[in-house]
Amino acid sequence: HYEAHYNLANLYAEVGNQALAKIHYSIAIELEPEFPNSYFNLGLTLAVIKEYREAVQYLKKYRELAPAEEHPQADDLICKLSTTL
C-alpha cells in the first residue's frame, strides 16, 4: 500500500533517517507513480543528503504532476539546487 510507505517515509524524514525515508518514498512512487507529493518529498530528502542532481530530477517530475499553483515552490527549489551542480 503506497500510503503506508509514504507515511513511513515522512516519519523517517522527520526523525532524520534520510536513508530509510529515501527507500520508502521510492517504494511509494513505484506503487503509485501519479502521486506528486512522493516526488517532492523524495527530492527534499535527496537534497538533504546532498544528492542534488537526483533531487532536481524528482522535483521536476513533481512539477509535471502537481497543479500549476504549486509550481513556484518547486521552481524555487530547482533553481537553488541547480546552482550547486
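Mentor: Let's begin with a definition: helices are DSSP runs of at least four residues, numbered from the N terminus. Keep in mind, too, that this is a predicted model.

Trainee: Thanks! What pattern does the chain follow along the sequence?

Mentor: Reading along the sequence gives α-α-α-α-α. The secondary structure amounts to five helices and zero strands. The radius of gyration is 12 Å, close to the 12 Å that the globule rule gives for 85 residues, so the chain is as compact as a globular protein of that length.

Trainee: And what box do the C-alpha atoms fill?

Mentor: Taken along the principal axes, that box is roughly 35 × 25 × 20 Å. You can also look at contacts: among those between residues at least 6 apart in sequence, 43% join residues at least 24 apart.

Trainee: How should I read the surface, and what share of the residues counts as buried?

Mentor: A residue is called buried when its relative accessible area is under 20%, and exposed when it is over 50%. Here, 32% of the 85 residues count as buried. The accessible surface of the chain comes to about 5000 Å², and carbon and sulfur atoms account for 54% of it.

Trainee: How many positive and negative side chains are there?

Mentor: The chain carries 7 positive and 12 negative side chains, with the centres of the two sets 11 Å apart.

Trainee: Now the interior. Which residues of the largest nonpolar core touch the most other members?

Mentor: The general idea is that in soluble globular proteins, nonpolar side chains tend to be buried together. In this model the largest nonpolar core has 19 residues, and those touching the most other members are Tyr25, Leu42, Ala55, Leu59, Tyr62 and Leu81. The elements that give two or more residues to this core are helix H1 (2-14), helix H2 (18-31), H3, helix H4 (52-65) and helix H5 (71-82). H3 gives the most, with five residues.

Trainee: Could we take one of those core residues? Is Leu59 buried or exposed?

Mentor: Leu59 sits in helix H4, and because its relative accessibility is 1%, it counts as buried. Setting aside neighbours within four places in sequence, Leu59 is in contact with Tyr39, Phe40, Gly43, Ala74, Leu77, Ile78 and Leu81. Leu59 and Pro36 are 23 residues apart along the chain, and their C-alpha atoms are separated by 9.2 Å.

Trainee: What does Ala55 contact beyond its sequence neighbours within four places?

Mentor: Ala55 is in contact with Gly43, Leu46, Ala47 and Leu81.

Trainee: Serine is polar in my mind, so where should I look for Ser38?

Mentor: Look in helix H3, which covers residues 36-48. Ser38 has 0% relative accessibility and therefore counts as buried. Leaving out neighbours within four places, its contacts are Tyr6, Tyr25, Ala28 and Ile29.

Trainee: Which residue would show me the other extreme, exposed rather than buried?

Mentor: Try Lys50, which is exposed with a relative accessible area of 60%. Lys50 lies in the loop between H3 and H4. Its phi is near 65°, a positive value in a residue other than glycine.

Trainee: Where does Gln57 lie, in a helix or a loop?

Mentor: Gln57 lies in helix H4, and at 51% relative accessibility it counts as exposed. Gln57 and Asn7 are 50 residues apart in sequence, with 22 Å between their C-alpha atoms. So helix H4 holds both the exposed Gln57 and the buried Leu59.

Methods
Residues numbered from 1 in each chain as written. Predicted model: local features only at pLDDT ≥ 70, side-chain atom pairs only at ≥ 80, totals over all residues. Heavy atoms only, no water. Rg over C-alpha atoms; globule rule 2.2 N^0.38 Å. Buried < 20%, exposed > 50% of the residue type's maximum accessible area, 1.4 Å probe, protein only. Contact = heavy atoms within 4.5 Å. Areas by Shrake-Rupley, 256 points an atom, 1.4 Å probe, with all protein chains shown as cover. Lys, Arg positive; Asp, Glu negative; His and termini not counted. Charge placed at Lys NZ, Arg CZ, Asp CG, Glu CD. Core = buried A, V, L, I, M, F, W, Y, C linked by side-chain atoms within 4.5 Å.
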